[in-house]
Amino acid sequence: MEQSTVKVKIQKFGNFLSSMVLPNIGAFIAWGLITALFIPTGFFPNESLAKLVGPMVTYLLPLLIGYTGGKLVHDQRGGVVGAIATMGVIVGAPDTPMFLGAMVMGPLGAYVIKKFDKLIEGKVRAGFEMLVNNFSAGILGGILAILAFLGVGPAVDGFTNLLVQGVDWLVGAGLLPLTSILIEPAKILFLNNAINHGVLSPIGLEQVQHAGKSVLFLLEANPGPGLGVLLAFMLFGKGTAKQSAPGAAIIHFLGGIHEIYFPYVLMKPMLFFSVILGGMSGVFTLVMLGGGLVSPASPGSIIAIAAVTPPEGMAYVANFAAVIVAAVVSFIVSAIVLKSSKNQDENIEEATKKMQEMKGKKSSVAGQITAGSQGKLPDEVNKIVFACDAGMGSSAMGASLLRKKVKEAGLDVYVTNTSISNLPNDAQVVITQEELTPRAKSKLPNVYHISVDNFLSSPEYDKLIGSLQNGITEEQDVLVESAETEAVGTEPQADHDDDLLLEENIFIGKEFTTKEEAIRFAGEALVKAGYVEESYVDAMMDREEITTTYMGNNVAIPHGTEDAKKAVIKSGFSVVQVPNGVDFNGEKAKLIFAIAGKDGTHLEILSSIAVICSEQENVDKMVQAKTAKELKDILNSN
């Protein structure tokens, strides 16, 4: 448990570092291209244009990182103070590109101004807000810049030089390939950002200043090891893993999305040796032939690598050779592992799920791996079931939207929702969030399962309707009913809607640092309104740990677990508007609908919320609403 906590903290730290660098990769590439083209050894040497190289790496790139890091902590105001503070380390160590310094001072400056703003919140007299805001940012930014100039800049300069000397020693001693023992497993464990953006890129950019290129940019970005694994699965894999490997290889090698090969390695842990040995052989080739890049290659695509390879010497030959050698070595080792494996069960779905659990959020490419693995759609479908953990929130919203689409298509299909534990045996199609699909499959393994990551606007709905229309043409009244309503034998009453969502339970213009903070705020509002008991708030947090309640379209619907239904006094909602958004596992939620459902009486208004939030334009209007009444009127306009 302690190791898991440490890993999560490292992942979060790495993600924060990458969040400072990745939005500015375009600027790094621009600098790299200008360097490759116009320096004396470039493709088109030009003394005048080459003057851009120094100021860009000395001032532009660190300031962009400092501003971005500050904005991550305290939005625009944090970005400005972060940039001011970063200027101190730039001038304090003019001979070293202050990327590490920017990563320190940008967030630090934003943190200081954020604390100051909270300290004076509600204490500034009307009419003096702009004066206080501007002077506080200027004064605190100036103080931080001076401190950075006097202390942080020289300290970071010394630390950077120490790291550079360490790397130079590894290269000179021929030990640099050994870094793959750490880097390749770290990639698959999603710890690579902390290594890559926290250490390798800053040192690499320092090396570029003196040598014109750096091998460090290719230690993690080399697509060869992953390509070798995928090629081995194409030839020697089985089942879904073999079928999905060609598409994954294209996305990995040309698109540069390395995480798409991680599930294949996790499926057979012996393949860790494949990527480690492939990485080591690639680095050895780079060192022997003198390869390297002029700036980070992000994403790690062969196209991006070619774009930032310097033109002089054997750089292109060295870099491409490193990719090829790494791929060949990785392929050979992977082929041996796959051919000698006694376990022929290659469950790519389980491996993908494991990868996403390790990542701590949904993978953007997981669907490319598991596509087509949900079974066969029956020739005639009469019953579709949406399922979630409790059956009161996301499944009810998804069912509402699909009912509307089914009705518009004129199909005779029964659409309902329930909790996974209560899935009926006569269900023919089961729709769940991606993280919950394995649970649903274990409950009903022989039905057609559909995984969605966006209950409000998933393309899977239209695909399903199209498939149903091909097999069902008779137009009849649509059978629609909620599983929760069915269970108690009552219909939700529209005349209770006014009690379900009151203006005093709609909160405008809130800000939260974490989703946990936002969920607790929304849950406490339900408690104060008399909808639930205090214990329901903890159950909301437990539900969020099972799988995210983010629905898509900037909407989240936190609610309690199935066991927490006994803590619901009566049905009701609270709505929290978060204009700047709060992170829900990598997605920005700007509207939070906290739900308390009892005896199905909340389902009618939940259905209305689902329909109106399925249009991003409506969500944007609610995010921009200035009063609770205005937001409620938009909801009632459906």
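1. Two strands are said to pair when DSSP finds at least two bridges between them. Strands here are DSSP runs of E with at least two residues, helices are runs of H or I with at least four residues, and both are numbered from the N terminus. With that in hand, a friendly place to start is β8 (residues 572-584) and β9, which run antiparallel and are joined by nine bridges.

2. A word on what you are looking at. This is a predicted model, in which local features need pLDDT of at least 70 and side-chain atom pairs count only at pLDDT 80 or more, while totals for chains, interfaces and linings use all residues. Residues are numbered from 1 along each chain as its sequence is written, and side-chain values use heavy atoms, with hydrogens and water left out.

3. Now the overall picture. The protein holds 25 helices and nine strands. Of its 638 residues, 53% count as buried; buried means under 20% relative accessible area, exposed means over 50%, and partly exposed lies in between (1.4 Å probe, protein chains only). A contact is a pair of heavy atoms within 4.5 Å. Among contacts between residues at least 6 apart in sequence, 73% join residues at least 24 apart.

4. Back to the strands. Five of them form an open sheet in the order β5-β8-β9-β7-β6, with mixed pairing. β5 (506-507) and β6 (550-552) are at the edges with a single partner strand each, so one side of each has no neighbour in the sheet.

5. Strand β9 (residues 587-596) deserves a closer look, as seven of its 10 residues are buried. Its bridge partners include A596, which pairs with G572. The hairpin of β8 and β9 has two residues between the strands, and N585 there takes a positive phi near 50 degrees. β9 also pairs with β7 (residues 555-556), in the parallel sense and over two bridges. In that region V555 stands opposite L591 of β9. In a regular strand, side chains alternate between the two faces of the sheet.

6. Beyond β9, in the loop that leads to α23 (603-613), you will find K598. Is K598 buried or partly exposed? K598 counts as partly exposed, because its relative accessibility is 30%. Leaving out residues up to four places away in sequence, K598 touches V568, I569, K570 and S571. K598 and V568 are 30 residues apart along the chain, and their C-alpha atoms are separated by 6.4 Å.

7. At the other end of the sheet order, N505 sits in the loop between α20 (497-500) and β5. N505 counts as buried, because its relative accessibility is 6%. Setting aside neighbours within four places in sequence, its contacts are A525, A529, Y531, F573, S574 and V575.

8. Next, the nonpolar cores. A nonpolar core is a set of buried Ala, Val, Leu, Ile, Met, Phe, Trp, Tyr and Cys residues joined through side-chain atoms within 4.5 Å. The largest one has 44 residues, and I384, L402, V429, I431, L464 and F593 have the most contacts inside it. Apart from this core lies another, of 37 residues, with M20, I183, L218 and V308 among them. Which residues does L402 contact, leaving aside neighbours within four places in sequence? They are I384, F386, V415, I431, Y461, L464 and I465.

9. Two helices are worth a visit. Helix α6 (residues 180-188) is largely enclosed by the rest of the structure, because seven of its nine residues are buried. The buried ones are S180, I183, E184, P185, A186, K187 and I188. In helix α13 (residues 315-340) you will meet N319, which is buried with a relative accessible area of 0%. Apart from neighbours within four places in sequence, N319 is in contact with L218, L286, G291, G292, L293 and T309.

10. Finally, the empty space. A cavity is a set of points on a 1 Å grid over the protein atoms alone where a 1.4 Å probe fits but cannot get out, and its lining residues have an atom within 4 Å of a point. The structure holds one cavity of 30 Å³ or more. The largest cavity is lined by V21, F28, I65, F99, M103, S201, P202 and L205. Two or more lining residues come from each of α4 (99-120) and α7 (192-211), with α7 giving the largest share, three residues.

Terms used:
1 Å grid on protein atoms, 1.4 Å probe; cavity = no way out; pocket = protein on both sides within 12 Å on 5 of 7 lines; lining within 4 Å. Points joined across faces, edges and corners; volume = space filled by probe spheres on them.
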